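This report describes a single protein model and its interior. It moves from the enclosed space to the open one, then to individual helices and residues.

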Amino acid sequence: MKAAPTTSWPRRVVLLGALTLAAAIPVVGHVAAAMRGVNSLVAFIDVAAILGLTAATVGLVILWRRPGNVIGACLLVGALLLMSVFTSFAIALLRGSLPDPADAAASATFDASDTAGLVALWWGSVVANPAIFLLFPAVGILFPNGHLPGPRWRLPFFGIVAMIVVSGVIQTITPWASPSSGLHEPNPFAVSGVPYELHNLGVALGQFALLLAFGLAVVAVTVRFRGSRGVERAQLKWLVASVAVMAVAFVISDATDSWAAADLLDQIAFLLGSIIPIAIGVAILRYRLFDIDRIVSRTIGYAVVTGLLLAAYLTAILVFQTVIKPITGENALAVAASTLMVAALFQPVRRRVQGVVDRRFDRARVDADRTSVAFRERLRNEVDIETVSTDLRATVQSSIHPSALGLWLRESG
């Protein structure tokens, strides 16, 4: 049997150093933005730091346990690049090389002359697309085995990579602002004579490449899922479930932009992105891999129960207020009656809803439970040891599908 690869100490030192760097980068960005007094950027860097540190930690653990794993490398490198982008913008803002987004008057008369700040601004602008590509669509396209779904995928995948590289080169050699715009943000790497209009083309090319990459990731996951079985299907379920949670959170966040707590909801939605690298780590390392069906069914079940009980609670308050308030003149009794009614409904509703959801999303466990119950009923009336042994083997095989099965019987005497 071939031995599993081990991680050498030099490689471990490099991995730990990368994680230390990942922890240090957002601290620098937080301090820089806080010194400038831009609270919105401070909060955003803090949330991005949690996402980045989660992805970097998961990537490090994967590489530690499975050296050379492509998914782990994408997570670690992408997280480092993403956090360096936010940190670069914060440093550029601190050094005066980036207009304060909260001060329109300052932006209109902005003049940058600090070379270090401009380099930081260049880094944040150029590295943003590669960071997002590595951390999200590239992982989706290569998940779970680190390879493309097939040879035909090489052209679109490497075509997108080439577009991102060309976009970065164009943004590097072109001026950042038109001379007639009133803004003076000199690109320290701009080539003399290159028109500003080419810069807009570079930015648009990078955004288009990312859009194609996300679309390709969705298609790749769909293709893999339709043809997957066993372990690979469970791995893909972890990824799809985590992305679905984040997608729902962003839909809710986008629908509540007019609320007073809109900024907080946006940060929570972005923070829920940390679930994705955690799910990827579980899938790659196969820790409690097949629990995903139970997690999905319980999540959906409690979400449906919460919605039903909330609707029942609001309806009950409205009904009780209509009936009781003319008699008592107050709402406290209506609220108390509605609360008691919802408390009494919780367990019956939960059992009924969870049963329906389990039959749809956790069918294997439901079938296994039914098989074990049927075996228990047959065992009450069976006394022949050979028949019981055969039945037991069949029940275990159909319930949990073990790779090997043995039955030990103690002989009498």
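Which residues line the largest cavity? The model is a predicted one, and in it the lining consists of L51, A55, L75, L135, F136, I276, P277 and I280. The space inside the largest cavity comes to about 40 Å³. A search of the whole structure returns one cavity of 30 Å³ or more. By residue type, the lining of this cavity divides into eight nonpolar, no polar and no charged. Helix 2 (39-65) and helix 11 each give at least two residues to the lining. Helix 11 supplies the largest share, three residues.

**The chain as a whole**

The protein chain has 15 helices and zero strands. Of its 413 residues, 37% count as buried. Contacts between residues at least 6 apart in sequence were also sorted by separation: 68% of them join residues at least 24 apart. The chain exposes about 23,500 Å², and carbon and sulfur atoms supply 66% of that area.

**The second largest pocket**

The second largest pocket holds about 540 Å³ of space. Its lining is made of 22 residues, and those that lie nearest the centre are F136, P137, F214, V243 and I276. F136 and I276 are also among the residues that line the largest cavity. Six helices each supply at least two residues of the pocket lining: helix 3 (70-94), helix 5 (115-135), helix 6 (137-142), helix 8 (197-226), helix 9 (230-255) and helix 11 (275-285). The lining residues divide into 20 nonpolar, two polar and no charged.

**Helices 7 and 8**

Helix 7 covers residues 154-173, and its 20 residues should span 28 Å at 1.5 Å a residue; the end C-alpha atoms are 29 Å apart, so the two values agree. The buried residues of helix 7 are F157, I160, I164, S167, G168, I170, Q171 and T172. Among the elements that cover these buried residues are helix 5, helix 6 and helix 8.

Helix 8 has 30 residues, which should span 44 Å at the same rise of 1.5 Å a residue; its end C-alpha atoms are 44 Å apart, so here too the values agree. Its buried residues are H199, G202, G206, A209, L210, A213, L216, A217, A220, V221 and R224.

The loop between helix 6 and helix 7 contains P144. The peptide bond that leads from F143 to P144 is cis, with omega near 5 degrees.

**Three residues and their partners**

Three positions, in helix 5, helix 8 and helix 12, illustrate how parts of the chain distant in sequence are placed in space. The table lists one C-alpha pair for each.

| Pair | Separation in sequence | C-alpha distance |
|---|---|---|
| A131 and L82 | 49 residues | 5.1 Å |
| L212 and P156 | 56 residues | 8.9 Å |
| I292 and L236 | 56 residues | 9.9 Å |

A131 lies in helix 5. Is A131 buried or exposed? Its relative accessible area is 0%, and therefore A131 counts as buried. Leaving out neighbours within four places in sequence, A131 is in contact with G78, L81 and L82. L82 is thus both a contact of A131 and its partner in the table, at 5.1 Å between C-alpha atoms.

L212 belongs to helix 8. Its relative accessibility is 35%, so L212 counts as partly exposed. Apart from residues up to four places away in sequence, L212 touches I160 and M163. I160 is one of the buried residues of helix 7.

I292 is found in helix 12, which runs over residues 292-328. Why does I292 count as buried? The reason is its relative accessibility of 3%, since buried means under 20% relative accessible area. Residues up to four places away in sequence aside, I292 touches A234, K237, W238 and A241.

Terms used: Residues numbered from 1 in each chain as written. Predicted model: local features only at pLDDT ≥ 70, side-chain atom pairs only at ≥ 80, totals over all residues. Heavy atoms only, no water. 1 Å grid on protein atoms, 1.4 Å probe; cavity = no way out; pocket = protein on both sides within 12 Å on 5 of 7 lines; lining within 4 Å. Points joined across faces, edges and corners; volume = space filled by probe spheres on them. Helix = DSSP H or I, 4+ residues; strand = E, 2+ residues; numbered from the N terminus. Nonpolar A, V, L, I, M, F, W, Y, C, P; charged D, E, K, R; others polar. Expected span 1.5 Å × (residues − 1). Buried < 20%, exposed > 50% of the residue type's maximum accessible area, 1.4 Å probe, protein only. Contact = heavy atoms within 4.5 Å. Areas by Shrake-Rupley, 256 points an atom, 1.4 Å probe, with all protein chains shown as cover.
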